[in-house]
Amino acid sequence: MFNNHPEFQLLFSCCHPQKTTEIKEKINFLLTQEIHWEKLLNIANQHGITCLFYHEINQLKLSNIPSEVINVLKQKYLNNSYKNLKSAGELLRLIKIFESKNIKIISFKGCLLAQLTYYNLALREFEDLDLLIKEDDFILFNNILKNEGYQPQFALNDDQLKIYLKLRSEFIYW
């Protein structure tokens, strides 16, 4: 476990939602220790908090982090910002299409969670859009997504889709 490693402690402290005087002192102390920055970046990537970490170190105005590390974090943050804004735009576009067809969808995780949790789309790393729909709407939903250029996980006809949905509750599109 990484819990006692200064890299983990620095990540945890910087990403803590409440920066008390004690936490700020701990961050400053940790930055005087030997930090294996590649290890820290790997841990941040594994936990999906690289962008949050970058944001927080900027908020704290920490100056004793190597510029190479700052550059890696900044690039990841900018790339994630762009990707997440595109995803949010696509979600809004799909919502309008489904609303026009009277299909109710619920978005969860992804950009919605980023906005509700951090008030900033760039701080949460996600890869897809997660949507809940009524089972009765799925065939129409599926046809609309295919018409919009999405490729379903499996090429199934309507009868096969109905059977699939009885067995599974998730269907993936690319």
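1. Exposed means over 50% relative accessible area, and buried means under 20%. At 61% relative accessibility, Asn 102 therefore counts as exposed. Asn 102 sits in the loop between α5 and β1. Its phi is near 60°, a positive value in a residue other than glycine. Keep in mind throughout that this is a predicted model.

2. Lys 61 raises a similar point. Its phi is near 55°, positive although the residue is not glycine. The loop between α4 and α5 holds Lys 61. Is Lys 61 buried or exposed? Lys 61 is exposed, because its relative accessible area is 70% and the cut-off for exposed is over 50%.

3. Now the interior. The largest nonpolar core has 27 residues. Leu 10, Trp 37, Leu 40 and Phe 53 have the most contacts inside this core. Five helices each supply at least two of its residues: α1 (6–15), α2 (21–30), α3 (37–47), α4 (50–59) and α5 (67–100). A second, separate core has 15 residues. Leu 94, Ile 139, Leu 145 and Leu 161 are among them.

4. Phe 53 deserves a look in the viewer. Which residues does Phe 53 contact, leaving aside its neighbours within four places in sequence? The list is Leu 10, Leu 11, Cys 14, Cys 15, Leu 40 and Leu 73. Two of these names, Leu 10 and Leu 40, also appear with Phe 53 among the residues with the most contacts inside the largest core.

5. Next, the packing of α1 with α2. The two helices meet at an angle of about 145°. Their axes are 9 Å apart. The crossing is left-handed. From α1, the contact uses Pro 6, Gln 9, Leu 10, Ser 13 and Cys 14. From α2, it uses Ile 23, Lys 26, Ile 27 and Leu 30. By class, that makes six nonpolar, two polar and one charged residues.

6. The strands come next. β1 covers residues 105–108, and β2 covers residues 130–133. They run antiparallel, joined by four bridges. Ile 106 of β1 stands opposite Leu 132 in β2. Which residues of β1 lie on its covered face, and which on its uncovered one? Ile 105 and Ser 107 form the covered face. Ile 106 and Phe 108 form the uncovered one.

7. Helix α7 spans residues 138–147. Phe 138, Ile 139, Phe 141, Asn 142, Ile 144 and Leu 145 are buried there. What do the buried residues of α7 pack against? They pack against α5, β1, β2 and α8 (158–167). Two of these buried residues, Ile 139 and Leu 145, are named in the second core. Gly 149 follows α7, and its phi is positive, near 95°.

8. Last, Arg 124. This residue lies in the loop between α6 (110–118) and β2. Arg 124 counts as partly exposed, because its relative accessibility is 22% and the buried class requires under 20%. Leaving aside its neighbours within four places in sequence, Arg 124 contacts Asn 80, Asn 84, Lys 109, Gly 110, Leu 113, Ala 114 and Tyr 118. Arg 124 and Ile 43 are 81 residues apart along the chain. Their C-alpha atoms are separated by 15 Å.

How values were computed:
Residues are numbered from 1 along each chain as its sequence is written. This is a predicted model: local features need pLDDT of at least 70, side-chain atom pairs count only at pLDDT 80 or more; totals for chains, interfaces and linings use all residues. Side-chain values use heavy atoms; hydrogens and water are left out. A nonpolar core is a set of buried Ala, Val, Leu, Ile, Met, Phe, Trp, Tyr and Cys residues joined through side-chain atoms within 4.5 Å. Buried means under 20% relative accessible area, exposed over 50%, partly exposed in between (1.4 Å probe, protein chains only). Contact means heavy atoms within 4.5 Å. Two strands pair if DSSP finds at least two bridges between them. Axes are lines fitted to C-alpha atoms, for helices over the stretch in contact, and angles run from 0 to 180 degrees between N-to-C directions. A crossing is left-handed if the near helix is turned anticlockwise from the far one by less than a right angle, and right-handed if clockwise. Ala, Val, Leu, Ile, Met, Phe, Trp, Tyr, Cys and Pro count as nonpolar, Asp, Glu, Lys and Arg as charged, and the others, Gly among them, as polar.
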